[in-house]
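Let's take a friendly walk through this structure together, one region at a time. Keep the sequence and the 3D view open as you read.

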Amino acid sequence: MSAARARRLLVVACSLVVLVAAPTVALAAPDDTVVVGQTLDEERVAPGGSVPVEVAVDVDDVDAPAIDVTLPENWTLSVEDDDGARTGADGTAWLWTDGEDHAVEFALSVPRNASVGEYELRATGSAIYEETGERVTDATTDTLTVSGDPETPPPTADAGTNRTVEADARVELNASESLDPVGDGLTYRWEQTDGPNVTLSDGTTATPELAAPVPAETRTLTFDLTVTDGANRTATDSVAVTVDRRNRAPTADAGTNRTADPGDEIRLDGNGTDPDGDGLSYGWRQVAGPTVSLSANDTAAPRFEVPEATEPTPLTFELAVNDGDATATDTVTVTAAGSPPPTADAGANRSVEAGTRIELDGAGSEVVVGSPTYAWTQADGPSVSLSDTASPTPTFTAPSVKERTAFTFELAVADGRNRTATDATTVVVAPASDSDSDAESDDDDDSAGGGDGGDSDRSGRDSGGSDGPSGGDSNDADSPPNEPRVSVSRPDGRSAVVSIAGEMDDDTYQVTPDITVGNLTYERMTVAAGRTPVALRVAEPERASDENAGIRSLGTVTTDASGAPGVTLTVSVPASRLDAANASAVTAYRDENGSATAVNTTRLDGGERYRYRIETAAPANHTIGVPRAALSVADVRANRSTAAVGDPVAVIVEMANAGKRAGNGTVRVTGLGDARSRTLAVPAGDRATATVVHRFTEPGTHTVAASGENATITVASKTTATPGATRTEETKAGETDGQPTETASEREATAADGSGFGAVVALLAMTVATLLARRRT
């Protein structure tokens, strides 16, 4: 390639560089495309005054006209007509989406404390030029002169917040938040305008007091407050105090006491009245006597059937009447007209000769209720035929026997309530040929228990059934060999002592003292062989102490038996003293060094009495009872000891449960304005916490308390932060319906980006041309 040709190629490349790198010349928007004008009705204004202003933007061949005004600091405007514009966030910019002329009218307000001088009001109009897409702007500035003395603001009255109080409460009105901008002092005047008349302690102070009335129904008291400053300017406010009516408790009437026969159906006649006319609910429960079933215990008149009783037996019922807030109670007693059960007397034992006509004698039986009925049966010996088994005196003939033979007959006697009693008698029949020996035997029988002695024999048999080792009070002289002696003593009215002494042949020995002390009946006790003598002391519940605060005691037991298997007790509690949940929770606790340890306790059955088996292997004092919660506030603390006004402060309340059962406790926290309440579920032997977050509004030392525990927080005043700077004029003018438009700086950046791209293309072209020139040479 010739040098001339190479030079021509280089000239072409340079020309290309010039064409590509040179920016395209944009067509500028014509003059007067956007013209903004501002009109002020007045050129002078006093502090606190206002001036009507109109700002207009005239446009030609453009889109999206906008107006933006810049105000002096702390000045405000109130738009009267925005010509359908979209308003910017701060209320000083307006945008339209068409290409028409528009105007905005507003009232410009001057602060009351504005200084005398000249202030500029700048208005900027803008629109998008259609040919190039650029936003064309125009601005104008007017001067407004502020002259005259600054206007002094009037006072502000604040009568406090409306509130609700209880009847007869002491109430303080509070106008201390009223404002006096001048600072020359305020005077106060309170006046009641509505509600029952009350007397203010001093109606010319900021904080007068009054006693809330005791209305029959909820009433509202209204008070007007007027404050006056030193320039005799006034302001007013009002506050309402609502007084809740004081609830008056209802009265309960369970009816009159009465006596009824067993088997009768009784209708309890309860009634309740409420002085406030509130609706009432009823609830009955039996508090004494043999347990009966009430047909509907949530009505005023439930029914029940009088149970059987061997003696006059009172049944006491409690009626509770509730008005939704307060409860009143009353009791009524229905006495079951008791009568003793029948007694059976089958007559004396006897000995006779075969062939003798025998008349059994049950005429000594006694019946109090109704007429007696008799039923004789033969229980032992060769069968004989009684003349009339329903007669008190049936007869039979003694049969022939080869040797002395005993015939035993049982008598059952029933009364008018179908209650029965039984007794037995024995007739010994001797062979007719043994008449002499029979006579001698009869003499022996008489000496041991014949005739009147027969009654003694029978009496001895009955006594043996009740006074033996398993009886209550035993006769030591009657105890068989190798069986311990059992005795019961009652040293006082609250306890009983069961003593067992002597040797035992069996591995264990069982005693049924059947002692009732308080709520507990001690039915049975089993002790190990070789552990005698044994003493068992049972007593009523001890007074509550810190050690057994978690136990509702039903009774106590003290035993000196030791070693395996120790002592096993069977106790029972009337079902009327326990509900179903507590009946399943009854436990015996061994008292050791001030603490209570549960021992093996098994529930046996239910019904009218709940029975329990208790096993213990060491000498100890025992408490038998129902585990319960023992809740107390253990600590009140804050997450910080110092804070500023308005800062959140977390107050932590800790509740402990020293009891044997989980429980729910409500704690009331004071010192945070209105009292706060929190309910905590606390497991047995554990702790739980609740947190209350509060922002104090007043500086000072604040004490937060709950159930005797407290925490102190020191609150300091808080400095107000400086407001952020006003947004720039360009930003306000560029906002359109929440979406920013391109700003001047952004347009410059776009232009720079265009020029950089052209330079890259030019450099590439020069490189290509150089390579071609080298290849040709």
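Strand β29 (residues 405-414) and strand β30 (residues 420-430) make a good place to begin: they pair in the antiparallel sense over 10 bridges. If you look for Leu 411, you will find that Asp 423 in β30 stands opposite. Keep in mind as you go that this is a predicted model.

In general, strands of a sheet pair through backbone hydrogen bonds, and they can do this in a parallel or an antiparallel way. Here the sheet has 4 strands, is open, and runs in the order β25-β30-β29-β27, with mixed pairing. At its edges are β25 (350-353) and β27 (373-380), each of which pairs on one side only. From one strand to the next, the twist averages 30 degrees.

Now let's turn to the nonpolar cores. The largest one has 31 residues, and the members that touch the most others are Val 53, Val 55, Ile 67, Val 69, Trp 94, Phe 106 and Leu 108. Which elements give two or more residues to this core? They are β1 (34-40), β3 (50-59), β4 (62-70), β8 (102-109), β9 (117-129) and β10 (135-146). The largest share comes from β3, with 5 residues.

To see this core from the viewpoint of one member, pick out Val 53. Leaving aside residues up to four places away in sequence, Val 53 touches Gln 38, Thr 39, Leu 40, Val 104, Glu 105, Phe 106, Leu 108 and Leu 121. There is also a second, separate core, made of 23 residues, and among them are Val 198, Leu 200, Leu 221 and Ala 235.

Next come the charged pairs. The count of salt bridges comes to 15. One of these is between Arg 246 and Asp 168, whose closest N and O atoms are 3.9 Å apart. Arg 246 sits in the loop between β16 (234-243) and β17 (251-253), while Asp 168 sits in the loop between β11 (163-165) and β12 (170-172), so this pair ties together parts that are 78 residues apart in sequence. Are these two partners buried or exposed, or something in between? Arg 246 has a relative accessible area of 43%, so it is partly exposed. Asp 168 is at 47% relative accessibility, and therefore counts as partly exposed too.

Another salt bridge joins Glu 209 and Arg 170, with 3.4 Å between the closest N and O atoms. This pair also links distant parts of the chain, since Glu 209 is in strand β14 (residues 209-211) and Arg 170 is in strand β12, 39 residues apart. Glu 209 counts as partly exposed because its relative accessibility is 30%. Arg 170, at 57%, counts as exposed.

A third pair to find is Arg 248 with Asp 276, a salt bridge whose closest N and O atoms are 2.7 Å apart. Arg 248 belongs to the loop between β16 and β17, and Asp 276 to the loop between β20 and β21, with their positions 28 residues apart in the chain. With a relative accessibility of 43%, Arg 248 counts as partly exposed. The picture grows from there: salt bridges that share partners join Arg 245, Arg 248, Asp 276 and Asp 278 into one network.

Stay with Asp 276 for a moment. Its loop runs between β20 (271-273) and β21 (281-288). The side chains of Asp 276 and Arg 245 are joined by a polar contact of 3.1 Å. Not counting residues up to four places away in sequence, Asp 276 touches Arg 245, Arg 246, Asn 247 and Arg 248.

Finally, let's look at backbone angles. Most residues other than glycine have a negative phi. Asp 83, which is not a glycine, has a positive phi near 55 degrees. You will find Asp 83 in the loop between β5 (76-81) and β6 (86-87). It is at 35% relative accessibility, so Asp 83 counts as partly exposed.

Where is Ser 707 found? Ser 707 lies in the loop between β50 (700-706) and β51 (709-716). This residue has a positive phi as well, of about 50 degrees, although it is not a glycine. Because its relative accessibility is 59%, Ser 707 counts as exposed.

Definitions and conventions. Residues numbered from 1 in each chain as written. Predicted model: local features only at pLDDT ≥ 70, side-chain atom pairs only at ≥ 80, totals over all residues. Heavy atoms only, no water. Polar contact = N/O pair within 3.5 Å; in protein donor to acceptor, adjacent residues only side chain to side chain. Contact = heavy atoms within 4.5 Å. Buried < 20%, exposed > 50% of the residue type's maximum accessible area, 1.4 Å probe, protein only. Core = buried A, V, L, I, M, F, W, Y, C linked by side-chain atoms within 4.5 Å. Salt bridge = Lys/Arg side-chain N within 4 Å of Asp/Glu carboxyl O. Pairing = 2+ DSSP bridges. Axes fitted to C-alpha atoms, helices over the stretch in contact; angles between N-to-C directions.
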